[in-house]
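Reader: I'd like to learn how to read pockets and chain contacts in a model. Could you walk me through one?

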Amino acid sequence: MNNGEILAVRGLNASYGEAKVLFDCDLDIQPGQVVTCVGRNGAGKTTLLKNIAGILKPTSGSITFNDRNLIGMMSYNIAKMGLKYIPQDKKVFSDLTVRENLELGSYATKDYNWDQVTDYFPRLKQLMDRKAGYLSGGERQMLMIGRALLGAPKVLLIDEPTEGLAPGIVEHLKNVFKELSKKTALVIVEQNLPLVCAISDKIYAMKEGRIVAEIKDGESIKAGICEQYL
Amino acid sequence: MMNVFRWWRGILLAFFLLGLIRVFSPLPFAIEILIFSIYVIGCNFLLGRVGFISFGQPAYLAVGAYSTAFYLFYFGTNPYIGLLFGILGGLVVTVLVGPFFVRLRSDYFALVNLALAVIVFYLMEKVLAGITHGDNGLWFLTRMTSTPVLDISKPSEFFIFAFLVALAVWAFYKYLDDSVYGACCLATKINEDKLKFLGYDNFSIRLLAFVIANTTTALAGSLYAVYFGFVSPEMSSHSRCADPVVVTILGGVGTLYGPIVGSIVYTGMKDLISGVVGNWELLIGFLLVFIMLAGEKGIWGTLEPLLKKAFSRKGVLANLQDSGEKGR
């Protein structure tokens, strides 16, 4: 670092107990970029994101965010710094209303301006008083992304955002990601190839815990060259 | 102004009804309900909001009671200062043990608190018997002096004082429930990892909840001490460790008024029905089994939605009538 990257991962190795799951992974992202990680199930995509977010501790390597080393930092401190993780399970705080879920995001970041959130996701406006447990999968994803947007994060790590969602909502999210990338860098783990091709500035293909390809060329991305890794 | 009234109306109605209990029942019964409710609300907050089940509440009750008792027996005579000592004692103990205890989860948390209750019991009964007078307890009823404004050494005025304290405690817990911190507590109970992703430190949230809840319990212990003018190790006896959990479940876990309803039912069975029916604890047992099988909501947890529905229907009717009149 630093060639203008906001987030740089170098030689990252990680294990689950005795089982090594990430091998010398390198990843860079610059402000305003959309980077996607593709690969089959078990390739290590989610593990990579969890290591960056501080949920798992890597065995070696470095993760630098805004020139600060993240290794050893608690996940909540990493989130406070502006690097937020949105997990794939779409589990929101089900007993809290949409409003309360957003308030949690606001309280942590002291950002009480929800206009951006409701601009991206107007549907949330109508659901403010509904318990999050009663939302559909798409609405939950909107809430999770909207909540993470509070505090103007510098990087969003989004794990399989479109998994199990209706095509209409996937299309909506695609447009949101395009808009979002103007303000926030995005690292997205995704298996939806058309979406990946439409939004990515760079694609990392993963296989068996290794980054096996880095596709930066716009033509190659549009051509869906990464399909071979899925 | 309307919003302030709306915020307070539930609490005021609850305490109006609680005040009626004083009219229709003996003073000691009403006082016991008030103090027991304060005792239980801490447990209710921990269980309902943070997801901590604690079988060690009697430990914090005893800490509050003994802190007050030590002051009133050895050092001074003003019960108000005694109460402050009780709260302070509870605060100190919870701040000391909290950082270790809140790292634990579910059954371990329950058991470590139970262990604390056993430790406190033996400390008060055996180890510190020189100053606690062991089984005999500490008597200081006659040492307490009259206090200005409300003379809490007199039971009738103590009732008013306890009533006001309980009102303040409920307002405080309602504020907590409505606050973002209350939402944080519930969020840490639902999914602590997700809360971390938003930038929250779960440990701090749980520790603060632990300190608040158990200091409230110590306040209840302190009130017991002043009211009875006596404390004994029996209050942290392991046979009483499940009481607050039982009453919390009876009333309705995590509901604001559950502790009051639970305390009325529990104390009512203990004090009133036990005179008529033997083995009242058996009735509590059956009631608990029924509540669990009926959906774990407790008495208030079941009643609250029904009442809300009934009142909202009335609201709808009133709105309809209003609009009808406007139409004319």
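Author: Sure, and let's begin with a term. A pocket here is an open set of grid points with protein on both sides within 12 Å along at least five of seven lines, and its lining residues have an atom within 4 Å of a point. Keep in mind that this is a predicted model.

Reader: What is the general idea behind looking for such spaces?

Author: Rolling a probe the size of a water molecule over the atoms shows where empty space is left.

Reader: Okay, which residues lie nearest the centre of the second largest pocket?

Author: They are B:Leu61, B:Tyr224, B:Phe228, B:Met235 and B:Arg240, out of 16 lining residues. This pocket has a volume of about 440 Å³. At least two lining residues each come from α2, α3 (57-75), α10 (202-228), β2 (230-231) and α12 of chain B. The largest share is three residues, from α2(B). By type, the lining splits into 10 nonpolar, one polar and five charged residues.

Reader: And what is the volume of the largest pocket?

Author: About 2300 Å³. It has 49 lining residues, and the closest to the centre are B:Leu256, B:Tyr257, B:Trp300, B:Glu304 and B:Lys308. Look at who gives two or more residues to that lining: α3 (98-109) of chain A joins several helices of chain B, including α1 (2-24), α7 (155-178) and α12 (258-276). α14(B) has the largest share, with 10 residues.

Reader: How do the residues of that lining divide by type?

Author: Into 21 nonpolar, 10 polar and 18 charged.

Reader: Let's move to the contact. How many residues does each chain bring?

Author: Chain A brings 22 residues and chain B brings 15. When you read an interface, check the buried area too: the two chains bury about 1800 Å² between them, with 74% of it on carbon and sulfur atoms. On the chain B side, B:Lys194, B:Phe197 and B:Leu198 supply 38% of the area buried against chain A, more than any other three residues.

Reader: Which side chains meet in a salt bridge there?

Author: Those of B:Lys194 and A:Asp89, at 2.9 Å from N to O. The count between the chains is one salt bridge, and there are four residue pairs in polar contact. As for elements, α8 and α9 (192-197) of chain B each supply at least two residues of the side that touches chain A, and α8(B) gives the most, with six. That side of chain B divides into 10 nonpolar, two polar and three charged residues.

Key. Residues numbered from 1 in each chain as written. Chains lettered and ligands numbered in written order. Predicted model: local features only at pLDDT ≥ 70, side-chain atom pairs only at ≥ 80, totals over all residues. Heavy atoms only, no water. 1 Å grid on protein atoms, 1.4 Å probe; cavity = no way out; pocket = protein on both sides within 12 Å on 5 of 7 lines; lining within 4 Å. Points joined across faces, edges and corners; volume = space filled by probe spheres on them. Helix = DSSP H or I, 4+ residues; strand = E, 2+ residues; numbered from the N terminus. Nonpolar A, V, L, I, M, F, W, Y, C, P; charged D, E, K, R; others polar. Contact = heavy atoms within 4.5 Å. Buried area = accessible area lost by both parts, 1.4 Å probe. Salt bridge = Lys/Arg side-chain N within 4 Å of Asp/Glu carboxyl O. Polar contact = N/O pair within 3.5 Å; in protein donor to acceptor, adjacent residues only side chain to side chain.
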